[in-house]
Amino acid sequence: MQRRNVLSALRSRYARPLAAAAAALGLAVLPIASSPTSAAAAEAAAGFTVFTNERGANPPGMPQYGAIKSTVVYDVFAFKCNTSGCTANGGAIPTQAVYEAKVKEYMGANQFGGAATAPVVLDFEDIELTQVPTGQAATNAYNLWRQLIEWAHNAAPQAPICNYGYEGWSNQNHDLVKLLHQDTDGNDKNNLDCFAPRMYWDSGETQTSWSNELNLAVSRDRAMADQPIYPYINPKQLGTGGDYLPGNTWSYMIAQLKAKTDGFVNWEPSATTASACAWVSQNSYEMGVITGTSNSGPFTVSATLPSGNCTVQRGTTTTVPVTLTNNTSSTTAATQMQSFADTPGFSGSWKYWNLPALAPGASFSTELPMTIAATQSTSTALLHIKTGLSDNRWAVIVQ
């Protein structure tokens, strides 16, 4: 889903210095954000859906935060089109049966495991119409797209079909792109149902440059069809030396997407090192707002891991100091810590269960001997620290 060599001419526009204000990613103490979901935030997020493309061993597990698994179909056929026609892997276009079997394979549990009603995004970048020369080559590519889209609908009859596009980068052949989103022949099975423009944060990107590209992609998409727009983003900066995005950058991207699109696709995200801590924490907060499951109750909670950051190890038991602070203007009622058993692979029993009444600003400290099973399967985990009065989210990286 990254740019290929056909887009190398566009790379020069990103030879910009990184913003000097980029935040450090490692955190010695992982605070648990406590901002409640406001009615305005919930309303702004209504109809905004987050999808995730993830696969393989120990994926980050975005569905636990509220994302929906969707599917991307990669170009294993190596489609090419020129003025003479189109080919696949240098030869004949695959049969309908072969192509549909590949779509179903990508939707299957051994690949992305996308939900039946979640988007299926066709990532055929060498025949993406903004990247094909105008004229007969583009006409040939357009005709091939019509066939491939229809077969994709046959393979995934409940799913909206999108194509991964570069409409924010180029307006070449937009007349044909527009037609792909319209029922021009009475056969609505060969139409695209949604847009999936490339919106990664590139090396040298700034908020202004990224927003300008988003605005351009959205305006062009809206001009072509009244269909959902699900941009593709990733928690890593793409390009030379790219690392995980700072939390404030992820927050900015999501705020922009919520204001201008219908959701987004988190493309093959990962979280393997402590440098991802800021992203993992911010993503947990943002997904809490989007899904209406933000922290609730009167307490601010902090949990200090022995690692000094947000990482924990599979197959270990570690004692975690936890502090709850009353951040309201009223004294809280006495309550109890609740069972720590919401997340698969995690267990623990609080050292001190009884939480006394706390005056405004007062704190209570306890410890959690937390055990992580060796078989725990995701590379991040959304944990909950609950009392009879509160529920605080706590996201960690599992190594």
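Here are three short exercises on salt bridges, each with a worked solution.

This is a predicted model, where local features need pLDDT of at least 70, side-chain atom pairs count only at pLDDT 80 or more, and totals for chains, interfaces and linings use all residues. Residues are numbered from 1 along each chain as its sequence is written, and side-chain values use heavy atoms, with hydrogens and water left out.

**Exercise 1.** Find out how many salt bridges a search of the whole structure gives.

*Solution.* Start with the criterion: a side-chain nitrogen of Lys or Arg lies within 4 Å of a carboxyl oxygen of Asp or Glu. Searching the whole structure then yields seven salt bridges.

**Exercise 2.** Work out whether D202 is buried or exposed, and do likewise for R198.

*Solution.* First, look at the contact: D202 and R198 form a salt bridge, with 2.8 Å between the closest N and O atoms. Next, recall the cut-offs: buried is under 20% relative accessible area, exposed is over 50%, and partly exposed is in between (1.4 Å probe, protein chains only). D202 has 0% relative accessibility, so it counts as buried. R198, at 2%, is buried too.

**Exercise 3.** Locate R55 and E268 along the chain.

*Solution.* Begin with the bridge: the closest N and O atoms of R55 and E268 are 3.1 Å apart. R55 sits in the loop between strand 2 (49-53) and strand 3 (68-69), and E268 in the loop between strand 11 (263-267) and helix 7 (277-291). Helices (H or I, at least four residues) and strands (E, at least two) are DSSP runs, numbered from the N terminus. The pair thus links distant parts of the chain, 213 residues apart. Finally, check accessibility: R55 is partly exposed at 32%, and E268 is partly exposed at 25%.
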